[in-house]
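Visitor: Please take one part of this structure and look at it closely. I would like to follow the description with the structure in view.

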Amino acid sequence: MADPGIVEAIRKAGVVGAGGAGFPTHVKAQAKAEVVISNGAECEPLLHKDKELQKHYAALIVEGLELMMAATGASQGVLAVKAKHKDVVSALEKAIKGRRGLRAQTLGNYYPAGDEFSLVYEVTGKLIPPGGIPIQIGAVVDNVETLLNVALAKKQPVTDTFLTVTGAVNAPVTVKLPIGTSVNEALTQAGNAKIKDFGVIDSAMMGRVMDPSEPVAKTTGGLIVLPKGHPLLRKKSASAERIARIGRSACDQCSFCTEFCPRYLLGYSIQPHKVMRSLGFAGADRKVLNEWALLCCECSLCSLYACPEELDPKSVCVAAKAALREKKVDWKSSTLNKSPAPAAHPMLPFRKVPLPRLVRKLGLHDYLADAPLQETRAAIRKVRIPLNQHLGVPALPVVSAGQKVRRGDLVGQIPEGKLAAAVHASIDGVVKSVDSHVMIEA
Ligand code: SF4
Ligand code: SF4
């Protein structure tokens, strides 16, 4: 029986997709679905946040899953989890024992197991339409931290985020931090960096380089410290101009980037080697080739694993999509949107990239380490809370400098009729400034 108040509770609590996308969960909760999938696949190298949450909060995650099933009318709930985490699988199986419509589905140890398109296909055997979203085939996918926040939504708004702090740190850990805590402060929770010159990325494959003063948000799942000069840091810091210049001269059109692309293997019209070819063209020819980037999910497998020349087709695809957006070309208006319905490539099961091999290729094997959950919330005295940590438009600030706030007070509301999520104070204190962020000091 659906709980009529749950959608409003989720909206008021500011729950968003914690897996990275930041899609406001109250919108997903209003859809009509057949299946809700708990995404605990966690395939980003070195991160342990989702595994730790499933181990420690299995019952709450199952409660969140059941609330989403009730809200959407779904008769099935599936907990997708890596088979290699046997303790997590047992915790989830114990939590669903005797409950109707729920099952755990184990996945292999490959990348990108947590990608929505890939996960929905694994669980349902159906392909999301090109350029579409899971609900078009009756599925809703929520990250495990999102489901935890759904379960807590009636009691408390989202003020904290869980993340793994790892890499070249003294004590890798998974922590619960007030939203808006700085990266620097987050590193202290892991005993700080153990090297002097370092850089920080928020994840190896889909992440970016973060400034130490940047705040963590609802969607931050990890921080990885690497020595300055590490190839991953260098690659993520390269300019678009340099990427295009080297790509133009060094790409030999071997098409490995396409052959390993997970979306291509699912049968979608995406071919990054053709987008690389566009670098040598201009005008209409370039536009036609760029359209092969429209369905790219930016997983980085082509750039960080497949390309033998160490080129960066992912970044070239990102630039191609931006150029097409400027010309108002999207999937709907694309010339490729006439292809037959996608059908999975026969090589799909054989080209899944094993995580250990990916870790070695990324040069991260020296940093493989457990990052156990530290359940106590870190005491932080200063936060800078982003008003835009979700898909859609930024929240509208409802506080001003000098105002006293308590943890959980609303500081940013959803603009009337817009896609957005509410934002709350994550510590008790005084508002110091309000711009694109709300800064609070205890
Ligand atoms: S794998 Fe590298 S070299 Fe081969 S086509 Fe793709 S970008 Fe070019
Ligand atoms: S980043 Fe590369 S491998 Fe990933 S979807 Fe885009 S083109 Fe395919």
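Guide: What follows describes how two domains meet, then the surroundings of the ligands and a few local details. The model is a predicted one.

Start with the division of the chain. Domain 1 covers residues 6-152, domain 2 is made of 159-230 and 364-380, domain 3 spans 242-361, and domain 4 takes in 381-442. The part to look at closely is the meeting of domain 2 and domain 3. Taken over C-alpha atoms, the centres of domain 2 and domain 3 are 30 Å apart. Contact between them involves 6 residues of domain 2 and 10 residues of domain 3. About 640 Å² of area is buried between domain 2 and domain 3, and carbon and sulfur atoms account for 65% of this area. On the domain 2 side, the residues that lose the most area to domain 3 are Met205, Met206 and His365, which together make up 80% of what that side buries.

What kinds of interaction link domain 2 and domain 3? There are 0 salt bridges between domain 2 and domain 3, but 2 residue pairs are in polar contact, both at pLDDT 80 or more. The side of domain 2 that touches domain 3 consists of 5 nonpolar residues and 1 polar residue, with no charged residues. For the structure as a whole, the search finds 21 salt bridges.

Next come the ligands. Around ligand 1 there are 13 residues, and those that come nearest are Cys251, Cys254, Ser255, Cys257 and Cys307. Helix 11 (256-260) and helix 13 (272-277) are the elements that give two or more residues to this shell. Sorted by class, the shell around ligand 1 holds 8 nonpolar, 3 polar and 2 charged residues.

Ligand 2 has its own surroundings. Its shell includes the cysteines Cys261, Cys296, Cys297, Cys299 and Cys302. Pro262, Ile270, Pro272, Glu298, Ser300 and Lys314 also surround ligand 2. By class, this shell divides into 8 nonpolar residues, 1 polar residue and 2 charged residues.

Three local details remain, beginning with a salt bridge. Lys55 is paired with Glu52 in a salt bridge, with 3.5 Å between the closest N and O atoms. Both residues belong to helix 3 (residues 49-56), where Lys55 and Glu52 are 3 residues apart, or about one turn of the helix.

The second detail concerns the backbone at Glu42. Glu42 is not a glycine, yet its phi is positive, at about 30 degrees. Glu42 sits in the loop that runs between strand 1 (35-40) and helix 3.

The third detail is a peptide bond. Tyr111 and Pro112 are joined by a cis peptide bond, with omega at about 0 degrees. Pro112 is found in the loop between strand 4 (110-111) and helix 6 (116-124).

Definitions and conventions: Residues are numbered from 1 along each chain as its sequence is written. Chains are lettered from A and ligands numbered from 1 in the order in which they are written. This is a predicted model: local features need pLDDT of at least 70, side-chain atom pairs count only at pLDDT 80 or more; totals for chains, interfaces and linings use all residues. Side-chain values use heavy atoms; hydrogens and water are left out. A residue is near a molecule or strand if one of its heavy atoms lies within 4 Å of it. Ala, Val, Leu, Ile, Met, Phe, Trp, Tyr, Cys and Pro count as nonpolar, Asp, Glu, Lys and Arg as charged, and the others, Gly among them, as polar. Domain bounds come from an automatic or database domain assignment. Contact means heavy atoms within 4.5 Å. Buried area is the accessible area (1.4 Å probe) that two parts lose on being put together, summed over both. A salt bridge is a side-chain nitrogen of Lys or Arg within 4 Å of a carboxyl oxygen of Asp or Glu. A polar contact is a pair of N or O atoms within 3.5 Å; within protein, one must be able to donate a hydrogen and the other to accept it, and residues adjacent in sequence count only if both atoms are side-chain atoms. Helices (H or I, at least four residues) and strands (E, at least two) are DSSP runs, numbered from the N terminus.
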